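The following exercises ask the reader to work from the sequence and the coordinates towards a picture of one model. Each task is followed by a solution in steps.

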There are 2 protein chains.
Amino acid sequence: MSLLVWGSVALDSVETPTDKRDNVLGGSATFFSYAASYFKSPIQLVADVGDDWPAEHTKLLADRNVDMRGLNMIDGEKTFRWSGKYMPNMNDRETLEVHLNVLGKFDPVMPADYRDAKFVFLGNGSPAIQRKVLEQTPNRRLVVADTMDLWINIQRDELLDLFRRLDGLVLNDSEARLLTGDENLVRAGHKVREMGPKFVVIKKGEHGAMFFSADETYVMPAYPTPDVIDPTGAGDSFAGGMMGYLAEQDKITPQTLKTALAYGTLVASFTVEAFSLDRMKQIERADLDRRMEVYRKMLQF
Amino acid sequence: MSLLVWGSVALDSVETPTDKRDNVLGGSATFFSYAASYFKSPIQLVADVGDDWPAEHTKLLADRNVDMRGLNMIDGEKTFRWSGKYMPNMNDRETLEVHLNVLGKFDPVMPADYRDAKFVFLGNGSPAIQRKVLEQTPNRRLVVADTMDLWINIQRDELLDLFRRLDGLVLNDSEARLLTGDENLVRAGHKVREMGPKFVVIKKGEHGAMFFSADETYVMPAYPTPDVIDPTGAGDSFAGGMMGYLAEQDKITPQTLKTALAYGTLVASFTVEAFSLDRMKQIERADLDRRMEVYRKMLQF
């Protein structure tokens, strides 16, 4: 089933304790759609870029069968840029510079046939824009959104309004604590769920992810990779793997949701093994499935 | 098979963001032996207390079939006391006061028949004392130790000497990082293992535990309990559940080790649900096994 993603497409500059990269491909919609491309579903990307956008990046995603007609290039504008620096623990990071550029001006208008998308992912962005995207996908079966501390702090009401329209919400542990004021992530997860989304996924970086629905609470550990080179995009890769699998299966059950979370976990474990999309570019579905076998075995006793 | 534990027996004063308890039963050997008592193996405790030790605490453990002949009451001395305060996240804590009392004078001499113990746990303590206990159990089949940052900082050589005599080592995430200088816990776990222990368990509190042997690396998430009242003793309860199960099974295989880690995880999840041993006192093996069913199901997809 078709999977639509709205989000950012960016040029990132990333510094880790031992290395750095300038102007590499990044952005939530980029990581998401590449991650989803391991699964058998058409993917439609909606994002804006400036006229400084390298055509090779469009080709990279198009070659993965991502429908790039929704990528709007705006003349006279520049692409969103982010630069950040990771702390030695590789979990905490400092944002050095953000140039919103086109991102601040976004008014998503998508190709007419995108309206039929059945699975929809709203990357991190202002709740007002996320809602505009939502309203252009009236035939959706499942919509999942991401958010961040900024919107929790400055647009809480709009965010809560959005929550009531969502099937799922993914957010990280510090955001769940900020949103609920509860330090216990199990309680926080359920409190976020009670704000509207049918299910909530809390991402804990190297510590894995937690899932909350009315009937189920569970935790999935991260895949224990020794090679954490650059965590940028891990959360969006997680969401892409999760939604890619669900769109492929075209079935939303507790069982497919849990397997989807496991695929998300594994795609993310590859993403962090190199800068930008470099590690993802080296792997195929078979590599994911091999790691899945190890992961399943790891959790059985 | 018989399981011997050497460690501390203490009177704790614990403050959490919402509550506090003074002079409650604590100590590594206490939590460990109660946790191990859910399993079918004789437990032998070795620890020192002062003459201020309440007889009711001895009775509590003796009623759980813990052999208390190794509890030495030293006249004119006082029992080890610890007081601490938990931060709002309930993972970080500040030690407010430590009175080593008898603990600083410890020279373990145990009942002669304890020498036949097959499973041995060395609670946190100076590596020199841990080694003395080790040398009094020549017939052991498995010895596992705990340690802490203090010994890593001030008795590193003695600790490394101990490591070479161990089957297993349990330590927490910050200790593994301190010991190896590596922030990545997967690499840190293997580095600790290369220092001597055949296997290493890194405890991550609310994020679960990681296991490292020459052939295996895996992660087990914590059981997602919303009721974290007091985390004191969680690590020792984990070790007690793990070793109690292994001693009961009397078989050390990858399969029993992994199940043992799961039992450790679950006993710890009960321990944190109340102050001191209060929650543990309310449950029986059947409660552990019920939670085990939920936990197993949680990790299957």
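A residue is called buried when its relative accessible area is under 20%, exposed when that area is over 50%, and partly exposed in between (1.4 Å probe, protein chains only). This is a predicted model, in which local features need pLDDT of at least 70, side-chain atom pairs count only at pLDDT 80 or more, and totals for chains, interfaces and linings use all residues. Residues are numbered from 1 along each chain as its sequence is written, chains are lettered from A and ligands numbered from 1 in the order in which they are written, and side-chain values use heavy atoms, with hydrogens and water left out.

**Exercise 1. Determine the setting of B:Thr225.**

Step 1. Locate the residue. B:Thr225 belongs to the loop between strand 14 (217-220) and helix 8 (234-249) of chain B; helices (H or I, at least four residues) and strands (E, at least two) are DSSP runs, numbered from the N terminus.

Step 2. Is B:Thr225 buried or exposed? Its relative accessible area is 7%, so B:Thr225 is buried.

Step 3. List the contacts, a contact being heavy atoms within 4.5 Å. Apart from residues up to four places away in sequence, B:Thr225 touches B:Ser269, B:Val272 and B:Glu273, as well as A:Asn184 and A:Val186.

Step 4. Compare sequence and space. B:Thr225 and B:Val267 are 42 residues apart along the chain, and their C-alpha atoms are separated by 12 Å.

**Exercise 2. Describe how chain A and chain B are related and how they meet.**

Step 1. Recall the principle. Two copies of a chain are related by a rotation about an axis and a shift along it.

Step 2. Apply the principle. Chain A is superposed on chain B by a rotation of 180 degrees with 0.0 Å of shift along its axis, at an RMSD of 0.0 Å. The two copies are therefore related as by a two-fold rotation axis. The superposition is by least squares on the C-alpha atoms of residues with pLDDT of at least 70 in both copies.

Step 3. Compare the surfaces. Both copies use the same surface, since 100% of the contact residues of chain A recur in chain B.

Step 4. Quantify the contact. Chain A contributes 34 residues and chain B contributes 34 residues. About 2,800 Å² is buried between the chains, 60% of it on carbon and sulfur atoms; buried area is the accessible area (1.4 Å probe) that two parts lose on being put together, summed over both. On the side of chain A, the residues that lose the most area to chain B are A:His207, A:Val219 and A:Phe301, together 26% of what that side buries.

**Exercise 3. Characterise helix 7 of chain A and its surroundings.**

Step 1. How many residues of helix 7 of chain A are buried? Seven of the ten residues in helix 7 (residues 185-194) are buried, and the helix is mostly covered.

Step 2. Name them. They are A:Leu185, A:Val186, A:Ala188, A:Gly189, A:His190, A:Val192 and A:Arg193.

Step 3. Identify the partners. These buried residues pack against strand 11 (168-172), helix 6 (173-180), strand 12 (199-203), strand 13 and strand 14 of chain A.

Step 4. Follow one residue outside the helix. A:Ser213 is in the loop between strand 13 (209-212) and strand 14 (217-220) of chain A. With 13% relative accessibility, A:Ser213 is buried. Beyond its neighbours within four places in sequence, A:Ser213 is in contact with A:His190, A:Arg193, A:Lys198 and A:Phe199.

**Exercise 4. Describe the second largest pocket.**

Step 1. State the volume. It is about 190 Å³.

Step 2. Which residues line the second largest pocket? Among them are A:Leu142, A:Asp167, A:Lys198, A:Phe199, A:Ser213 and A:Pro254.

Step 3. Sort the lining by class. There are seven nonpolar, one polar and four charged residues.

**Exercise 5. Examine two residues with positive phi.**

Step 1. Recall the usual case. Most residues other than glycine have a negative phi.

Step 2. Take A:Asn65. Its phi is positive, about 65 degrees, although A:Asn65 is not a glycine. The residue is in the loop between helix 2 (55-62) and strand 5 (66-67) of chain A, and A:Asn65 is exposed, with a relative accessible area of 64%.

Step 3. Take B:Met90. Its phi is also positive, near 65 degrees. B:Met90 lies in the loop between strand 7 (80-86) and strand 8 (93-99) of chain B, and B:Met90 counts as buried at 13% relative accessibility.

Technical notes
On a 1 Å grid over the protein atoms alone, a cavity is a set of points where a 1.4 Å probe fits but cannot get out, and a pocket is an open set with protein on both sides within 12 Å along at least five of seven lines; lining residues have an atom within 4 Å of a point. Grid points are joined across faces, edges and corners, and a volume is the space filled by probe spheres set on the points. Ala, Val, Leu, Ile, Met, Phe, Trp, Tyr, Cys and Pro count as nonpolar, Asp, Glu, Lys and Arg as charged, and the others, Gly among them, as polar.
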